[in-house]
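Please open the model in your viewer and keep the selection panel at hand. The stops below are meant to be taken in order.

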Amino acid sequence: MTTPLVEVENAQLHYRVGSAVSAMMGLPSVVKAVDGISFSLNKGESVGLLGESGCGKTSMGRLLVRLENVTGGSARFDGAEISQLKGRALRTFRSRSQMIFQNPFDAVNPRYTLAKTMAEPLANAGIPKSEWRDRIIKALELVRLADPEQYLDRFPHQLSGGQLQRVVMARALILEPDFVVADEPVSMLDVSVRAGVLNVFREVRDKLGLTAIYISHDLALVRYVCERTIVMYLGRIMEDGPTEAIVREPLHPYTQALVAAVPTPNADQSHEPLPIGRGAPDPRNPPSGCVFRDRCPKAFDRCAAEVPASKKVGTRHVACHLFDEAG
Amino acid sequence: MLETTVPEGPVIRIFRAMKLPVGDNFAMAGLIIYVIFALTAIFAPVLAPYEPTEILYTVDYDLASDLLPGQEGHILGTTSLGRDIFSQIVFGARAALLVGLTAAFMVAFIGTIVGLISGYYGGWVDTILMRLADVAFGIPFLPFVIVISAFLEPSIWNTVIAMALVLWRDTARVIRSQVLTLRSRGYVEAARVSGSSDFKIILRHIAPNIVPLSLLYGSIAIGWAILTEASISFLGFGDPNSISWGFMLQDAFASQALSRQAYHWFIPPGLAIIFVVSAGFFISRGYENLLFPKLGR
Amino acid sequence: MSQPLLSVKNLSIVYEVPNLDVVAVSRASFDVPRGSIVGLVGESGCGKTTMARAFTRIISDNAKITEGSMDFDGKDLAKISEREMNDLRWRDIAFVPQSAMNSLDPVYRVEYQMHEVLRGRGGMSRSQAKARAAELFEMVGIEANRLRDFPHQFSGGMRQRVAIALALALNPKLIVADEPVTALDVIVQRQILDQMRALQRDLGISIIMVTHDISVVAYICDRTVVMYAGEVVEDCETATLLSKPLHPYTMGLKNAFPDIASAGTGILTPISGAPPDLARPPAGCRFAARCPFALDHCRSVSPTLMSFGDDHSVACHRAHEAEALRAQAALPETWGEIL
């Protein structure tokens with residue numbers, strides 16, 4: 001049994017919103033972006049974090065690259081608590097754990113040439129200047145940018161979205177990290193170039209043996225990239241298991257609705273109404289017990305009273321009272 | 001955005017490098033006025049025919065008081081104490097520019113630093129700095145400057161310090177809010193993830209984006225500072241040892257120039273103030289168009 | 001067959017930038033049959049949004065309709081006066097913008113904004129407007145008591161529903177929706193699409209749906225018009241488009257799109273390269289540079305949109321070989337590098 005590279009245990013990220021006065025008036029004053037999430041990732045494993053906007057998937061990813069710190073529970077990288085890292089340990093962490101951002105046009109400084117953008121992690125890691133050029137070119141080759149030298153002196157606005165996203169990926173990979181969080185890396189790109197970026201992502205992940213988290217709201221994309229998927233809803237995990245099993249036979253009522261809602265490029269898709277109630281999840285005011293119960297077609301008494309614990313069902317973990325042991 | 005098709009000379013290129021809004025006609029006019037006044041201030045001893053406080057006599061050894069423009073070779077005439085008004089205007093440019101530029105620099109500098117720190121770090125640092133800004137907002141500007149400069153002994157420098165102590169608040173507020181949006185930009189977060197220090201991020205990724213904003217608030221402060229200095233001198237709380245346009249107005253007022261219809265005495269300093277102050281606002285308008293191109297026109 | 005509701009012929013729209021003319025839409029032609037949903041698909045910059053906005057003439061000041069016609073119920077939308085256009089907006093053609101948030105004024109209650117349209121444009125009395133607003137909310141699936149809310153009190157999906165309700169306010173014959181579900185999550189997206197389909201059926205209206213997402217088109221559109229670099233390259237029934245595309249670009253798009261219903265994940269194949277600069281469009285077919293089937297002829301002579309089989313138009317020199325090309329297009333190696 002390999003030791004996990006990333007371990008998350010009952011992690012919480014709560015934001016305080018509103019003023020003391022509104023809290024006294026009984027208005028909700030805390031947003032629980034991440035509320036008691038546990039999972040672990042083995043070395044070389046990639047997992048998709050799937051969910052609707054506001055479900056906390058991006059917050060979860062940000063915790064793992066220390067753009068945020070947990071407000072409760074723990075998130076560990078290679079055995080060390082990420083939020084407690086300091087000095088040299090933090091510097092090492094910064095070179096081992098990276099992020100690929102959603103909007104490539106926002107993720108690079110518009111005033112910087114691409115060489116300068118790519119050099120920033122190298123400078124921070126203390127790589128001697130003489131090696132920079134070679135490493136930058138190597139990283140750009142890794143993401144399959146043809147003829148990488150021509151890009152070095154260019155500015156971001158001179159590149160297309162697809163090219164720029166490859167540069168963002170190359171910057172994340174230039175220090176040969178162990179772990180990468182990709183936050184919807186193709187959602188801003190045109191369909192015809194998406195596939196290329198996804199294929200490159202799959203290739204470099206396998207080549208470098210990366211452990212990866214792929215954050216997306218699109219199950220079809222997650223399925224293309226990750227063997228395992230974690231489905232989130234309002235800061236909690238609903239279902240966690242092999243992607244293929246989740247696509248074929250979703251267990252949690254929320255996952256069932258989510259899978260049924262994914263449109264396909266086929267004319268003969270089902271137009272059945274979704275097995276889910278109207279309305280939208282409100283992160284400021286989640287229901288008691290199971291956070292999904294107000295939209296769940298199968299909710300019953302216990303769902304309001306008790307938060308469902310995660311239970312092992314075959315190869316999966318499901319947090320739903322329908323799967324409680326009888327009695 | 002700004003479109004210039006005119007070939008750029010070296011001066012324009014330097015201005016551009018200094019992030020001056022050279023594409024805007026009003027701003028250019030403002031800059032030209034500034035250049036003229038700056039040259040006047042620098043070469044004041046050469047340009048002015050007399051010492052500004054020197055009491056002059058006519059060829060007949062009478063006090064050269066209340067001469068009209070052109071009389072006895074005095075371009076703008078003399079005051080009732082026999083001082084040359086043109087020389088006073090020329091030396092007044094020194095005071096005005098000194099006050100304007102130093103105050104603007106201090107306001108932009110303090111405001112920028114506070115805004116950067118407050119916006120980037122957030123939390124209790126932000127709370128403390130912004131409550132200080134709130135206090136500064138609550139201070140009545142002119143009375144505060146008068147009290148401080150009277151308390152510390154009236155001098156140009158104390159006036160400047162008093163102004164900076166109040167005016168940094170606007171700059172800080174605006175820059176803070178700008179920093180708040182900048183720090184959630186992808187490339188700033190990418191720099192954090194790749195291990196850049198806070199100092200490096202502020203210096204390399206955030207500060208370059210707010211320089212035009214600092215300059216905008218600096219250029220607004222120039223106008224305010226000159227006006228304020230003039231008001232204070234006019235009210236008699238100014239530096240008694242330096243000639244400023246405000247002092248000239250006060251002198252004229254005290255000598256009843258108005259009722260004696262000695263227009264040549266109070267109109268020139270008044271015009272000088274209007275020119276320089278509006279030049280400052282023209283330049284800030286240029287920055288505004290540069291920063292928020294959708295607002296104007 | 002009855003007359004189409006909207007018939008676009010040879011429509012060109014040019015953005016006049018100093019020293020440069022960008023032809024955003026060039027010689028586009030297609031029909032919107034009565035009582036149907038037509039999808040307008042393409043990548044960013046292909047001219048689909050510009051064209052959609054031209055139907056209500058809300059294009060920006062520097063955009064000019066340089067040729068062609070848009071025949072709507074006997075009126076040419078390209079020629080009628082601004083006053084006539086103004087009469088048509090809301091009443092006959094309604095536009096749903098991409099971001100519903102921006103189309104609602106945050107300082108007014110939603111009810112006020114509904115009344116503005118109903119009373120201002122529709123000439124209704126206060127009580128009529130009130131009843132109609134409640135009815136409209138009912139139609140798009142929002143409780144009528146939420147009319148008193150401000151826009152920020154609605155979620156993204158709700159706001160989109162409000163925008164659709166506004167568009168329906170005066171019973172238009174045609175709704176032009178610009179990426180109405182792009183910013184929404186799949187569940188909400190599905191619910192809104194279902195709602196639009198139901199409304200279209202119940203009210204017998206037509207909808208033009210601008211989108212970049214072929215799965216949205218597949219889900220809801222009767223017909224689909226594919227645009228590439230400002231030109232219409234293919235136009236047919238959606239089912240035909242998905243099963244028997246004639247244009248290589250359409251074939252490529254399908255290959256690049258993940259399909260959750262497929263047995264395995266397979267390999268997604270990108271279309272290498274990027275669309276041409278519309279300020280300097282290439283000679284010949286605009287897709288030739290990215291097309292694996294391009295011949296010399298394609299690079300010099302621009303193909304025109306031609307009818308091919310029943311009710312299927314395509315602009316491709318090799319359309320007659322489409323069957324063979326489809327078989328090749330299904331193979332990833334046809335498209336060169338997949339990375």
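What follows is a tour from chain contacts to domains, the nonpolar core and one residue.

Before selecting anything, note that this is a predicted model, in which local features need pLDDT of at least 70 and side-chain atom pairs count only at pLDDT 80 or more, while totals for chains, interfaces and linings use all residues. Residues are numbered from 1 along each chain as its sequence is written, with chains lettered from A and ligands numbered from 1 in the order in which they are written.

Start with the chains, taking two residues to be in contact if their C-beta atoms, placed from the backbone, lie within 7 Å. Two pairs of chains are in contact, and of these chains A and C share the most contacts. Chains B and C, by comparison, are joined by no contact, their closest C-alpha atoms lying 10 Å apart.

Next, select the side of chain A that touches chain B, where 18 residues of chain A are in contact with 13 residues of chain B. The elements of chain A giving two or more residues to this side are α3 (87-96), β6 (97-100), α4 (104-107) and α5 (114-124); helices (H or I, at least four residues) and strands (E, at least two) are DSSP runs, numbered from the N terminus.

Now select residues 93-284 of chain B, which an unreviewed UniProt entry annotates as "domain: ABC transmembrane type-1"; such annotations may be inferred rather than shown by experiment. This span is 84% helix and 0% strand, and its end C-alpha atoms lie 20 Å apart.

In chain C, colour domain 1 (101-171) and domain 2 (242-335) separately, bearing in mind that domain bounds come from an automatic or database domain assignment. Their C-alpha centres lie 42 Å apart.

The largest nonpolar core has 287 residues, and among the members that touch the most others are Ala170(A), Ala103(B) and Ile208(C). A nonpolar core is a set of buried Ala, Val, Leu, Ile, Met, Phe, Trp, Tyr and Cys residues joined through C-beta atoms within 7 Å. Helix α9 (residues 198-234) of chain B gives this core its largest share, 18 residues. Centre the view on Ile208(C): leaving out residues up to four places away in sequence, its contacts include Val32(C), Leu40(C) and Leu174(C).

Finish at Lys64(C), in strand β4 (residues 63-72) of chain C. Is Lys64(C) buried, exposed or partly exposed? Lys64(C) is partly exposed, because 13 other C-beta atoms lie within 10 Å, where 20 or more would make a residue buried and 12 or fewer exposed. Beyond its neighbours within four places in sequence, Lys64(C) is in contact with Val14(C) and Glu16(C).
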